[in-house]
Amino acid sequence: MGKSTPLFVGLDVHKDSIAVAHAKGGRADPPVFVGAIGTRQADLDSLIRRLQGKASTLRFAYEAGPCGYGLHRYLTGKGLACEVVAPSLIPKKPGDKVKTDRRDAVELARLLRSGDCRARDAARVTMKDAKLRLKAFLLRLGRHYVGRADWTAAHKRSLAKVVCPTPAQQIVFQELLRAVDEQVDRLQRLEAELKELAPHWRLFPVVQGLQALRGVQWLVAITVVAELGDLTRFDNPRQLAAFVGLIPSEYSSGRTRRQGGITQSGQRARPPRADRSGLGLPVSREGLRPHSAADRHAAEAAARHRVEGAGPPL
């Protein structure tokens, strides 16, 4: 493996031990479980030296928990990339009832390599919450922006002129505003890192191909591919539709059958644009099945026309 290829390291952190696994970037090989190490700085330094012998670029991730951010501060202080992932943002299989330190570390390494830890989505949600807190604080003071759109250049200029009635309120306002700026910067950093790492991903040609579709830009394309993974694992369009929740709700009893709206009960990070007709296929309530053979041929021809010449084939 070339030295420039990143190595993704998953850590399952506990009070007395850390389970370690790593996955090679740009490859589909299963992650390798290294074992458990101690929590002392000497143990961490020894691990870093071992892993740097495999790759010059290391990316760490561990699940947020009672051990806090001490490990994160130590690794970032050494110039290493480290992400602390919220447990609620880690995908879980509904029927998986086995949990071990080894499996947790291996799964974190695999998800970090594929991008499924959803660091960008977590940053986006945190940024949205910070903006809501700031707007709620200003609303309690009787101040609201009357411009055409929030968080534009004009809105930011108006925020810079806000003066609160008391010094304590001014301090709170400045802290809330600083929190918004920090989350905006964090989101921009994550998007820049995604753009830097994406060309080394084995599914990057699929990302380029999806951008040939109308209304699908880079960020939407890479989110869709990260969520779906290798499309060849789906035997038919019905399985893909069920995975992302693009199937109708149904209430049937006896000879009565009623179908309702889309359930949206599949993969929760499905982009909003991924609706039933998002890939240009006319669909019926039974799923992604075209209404007729003529419709199917027309849809396939239209899809080929959009994709050909606009990047690698899907």
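**Questions on a predicted model**

Trainee: Does Cys82 count as buried or exposed?
Mentor: Buried means under 20% relative accessible area, exposed means over 50%, and partly exposed is in between (1.4 Å probe, protein chains only). Cys82 has 10% relative accessibility, so Cys82 counts as buried.

Trainee: What kind of model is this?
Mentor: Residues are numbered from 1 along each chain as its sequence is written, and side-chain values use heavy atoms, with hydrogens and water left out. Local features need pLDDT of at least 70, side-chain atom pairs count only at pLDDT 80 or more, and totals for chains, interfaces and linings use all residues; the model is predicted.

Trainee: How many helices and strands are there in the protein?
Mentor: Both are DSSP runs, numbered from the N terminus: helices are H or I, at least four residues, and strands are E, at least two. The count is ten helices and seven strands.

Trainee: Which are the edge strands of the sheet?
Mentor: Two strands pair if DSSP finds at least two bridges between them. Five strands form an open, mixed sheet in the order S3-S2-S1-S4-S5. An edge strand pairs on one side only, and the two here are S3 (32-37) and S5 (81-85).

Trainee: By how many degrees are neighbouring strands turned against each other on average?
Mentor: Axes are lines fitted to C-alpha atoms, for helices over the stretch in contact, and angles run from 0 to 180 degrees between N-to-C directions. For the strands of this sheet, direction is ignored, and the average is 20 degrees.

Trainee: Which residue is the bridge partner of Leu11 in S4?
Mentor: S1 and S4 are parallel partners, with five bridges between them. Within that pairing, Leu11 is matched with Tyr62.

Trainee: And which residue in S5 is the bridge partner of Phe60?
Mentor: S4 (residues 58-63) and S5 run parallel, joined by five bridges. Arg59 faces Ala81 across this pair. The partner of Phe60 is Cys82.

Trainee: Why is S4 largely enclosed by the rest of the structure?
Mentor: S4 has six residues. The strand is largely enclosed because five of them are buried.

Trainee: What angle does the direction of H3 make with that of S1?
Mentor: Contact means heavy atoms within 4.5 Å. Helix H1 (residues 41-52) lies across S1 (7-13), S2 (18-24), S3 and S4, at about 135 degrees to S4. Helix H3 (residues 101-114) also packs on the sheet and touches S1, S2, S3, S4 and S5, while its angle with S1 is about 145 degrees.

Trainee: Which residues does Asp45 touch, not counting those up to four places away in sequence?
Mentor: Asp45 sits in helix H1. Leu75 is 30 residues away in sequence, yet its C-alpha lies 9.5 Å from that of Asp45. The residues that Asp45 touches are Tyr74 and Lys78.

Trainee: Which element gives the largest share of the largest nonpolar core?
Mentor: Such a core is a set of buried Ala, Val, Leu, Ile, Met, Phe, Trp, Tyr and Cys residues joined through side-chain atoms within 4.5 Å. This one has 21 residues, of which Trp201, Val207 and Leu210 touch the most other members. Helices H7 (204-210), H8 (218-228) and H9 (237-244) each give two or more residues. Eight residues, the largest share, come from H8.

Trainee: How many residues does the other core have?
Mentor: In the largest core, Val207 touches Trp201, Trp218, Ala221, Ile222 and Val225, leaving out residues up to four places away in sequence. The other core lies apart from it and includes Leu51, Ala55, Leu71 and Cys82; its size is 19 residues.

Trainee: How many disulfides does a search of the whole structure find?
Mentor: A disulfide is a pair of cysteine sulfur atoms within 2.5 Å. Cys164 has 8% relative accessibility and therefore counts as buried. The number of disulfides found is zero.

Trainee: Does Val163 count as exposed or buried?
Mentor: Val163 is in the loop between helix H5 (153-160) and helix H6 (167-197). Its contacts, beyond residues up to four places away in sequence, are Arg143 and Gln170. Its relative accessibility is 56%, so Val163 counts as exposed.

Trainee: What is the relative accessible area of Gln183?
Mentor: Gln183 is in helix H6. Beyond neighbours within four places in sequence, Gln183 contacts Ala123, Thr126 and Met127. Gln183 is buried, with a value of 15%.

Trainee: What percentage of the residues of the protein count as buried?
Mentor: The protein has 314 residues. The buried share is 33%.
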